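Me: Can we go through the charged pairs and one helix packing here, question by question?

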Amino acid sequence: MTVIQHDFRKKTEQDVSSDTPKVIPGYRLKLELGFSSPPVWRELDLCGSLSLGDLSKIIQICFGWNNEPGHLFLVGKIFYGPRTANGRQDIGDEAKTKLYQLEDVMPFIFTYLHDHGGGWECEITLQEIFTEGVNSRQPVLHDSDRANPPLGIDDIHEYIELLRQIELEPANRRPLLARHDIQPDFDPAHCDNDAINTLLASFNP
């Protein structure tokens with residue numbers, strides 16, 4: 001059995017400034033809603049100079065969430081969030097933490113907790129490293145599967161149960177959707193990549 005060892009301790013500002021690469025790499029990250037079945041995911045190409053704060057805004061765009069401050073990242077064993085996250089002093093500042101600084105720990109634990117994990121978690125997987133960098137700091141949606149859960153749904157388990165009920169009772173589809181203020185033409189299997197990329201194109205890091 002191979003035991004993977006890694007030092008998850010937070011780097012000091014001096015460490016961070018001293019290991020800045022000459023070429024900032026790019027990354028392909030897969031974002032998947034935790035416990036979603038069928039899986040709901042997005043695959044993005046990103047510049048490594050973007051901060052975790054930028055990534056939070058990008059994730060919110062990709063899943064149709066409002067840009068709310070109630071979120072946290074867990075990377076390795078360190079939590080990161082907005083500077084004033086719950087007034088806690090043990091949380092790293094997401095605005096000052098660049099993606100390339102976290103490259104070594106991305107493959108271990110990389111999770112986004114929307115609403116502090118109250119209903120939604122997003123598992124982030126490093127798919128590819130572009131060592132020569134990328135041409136733009138603008139994020140690009142590379143691929144995806146399935147629609148954003150509607151905003152009227154409180155958590156992934158409620159969403160899965162709604163989809164199950166629709167499958168079991170197709171004749172009651174409209175009232176089931178109306179109960180959650182969801183439009184009758186909602187298609188859970190469809191993700192509009194072009195619409196997401198249009199929003200990402202206007203994202204200002």
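**Salt bridges and a helix pair**

Reply: E161 is partly exposed at 30% relative accessibility (buried is under 20%, exposed over 50%, partly exposed in between; 1.4 Å probe, protein chains only). Ground rules: this is a predicted model, where local features need pLDDT of at least 70, side-chain atom pairs need 80 or more, and totals for chains, interfaces and linings use all residues. Residues are numbered from 1 along each chain as its sequence is written, and side-chain values use heavy atoms, leaving out hydrogens and water.

Me: Which residue meets E161 in a salt bridge?
Reply: Here a salt bridge puts a side-chain nitrogen of Lys or Arg within 4 Å of a carboxyl oxygen of Asp or Glu. The N to O distance is 2.7 Å, and the two residues sit three apart in helix α3 (residues 156–168), so about one helical turn separates them. The partner is R164.

Me: Is D45 buried or exposed?
Reply: D45 pairs with R28 at 2.6 Å, N to O. The relative accessible area of D45 is 18%, so the call is buried.

Me: How are α2 and α5 oriented to each other?
Reply: Helix α2 (residues 52–62) and helix α5 (residues 193–201) pack at about 150 degrees, axes 9 Å apart. Axes are lines fitted to C-alpha atoms over the stretch in contact, with angles from 0 to 180 degrees between N-to-C directions. Angles under 35 degrees count as roughly parallel, over 145 as roughly antiparallel, 65 to 115 as roughly perpendicular, the rest as oblique. The pair is therefore roughly antiparallel.

Key
Helices (H or I, at least four residues) and strands (E, at least two) are DSSP runs, numbered from the N terminus.
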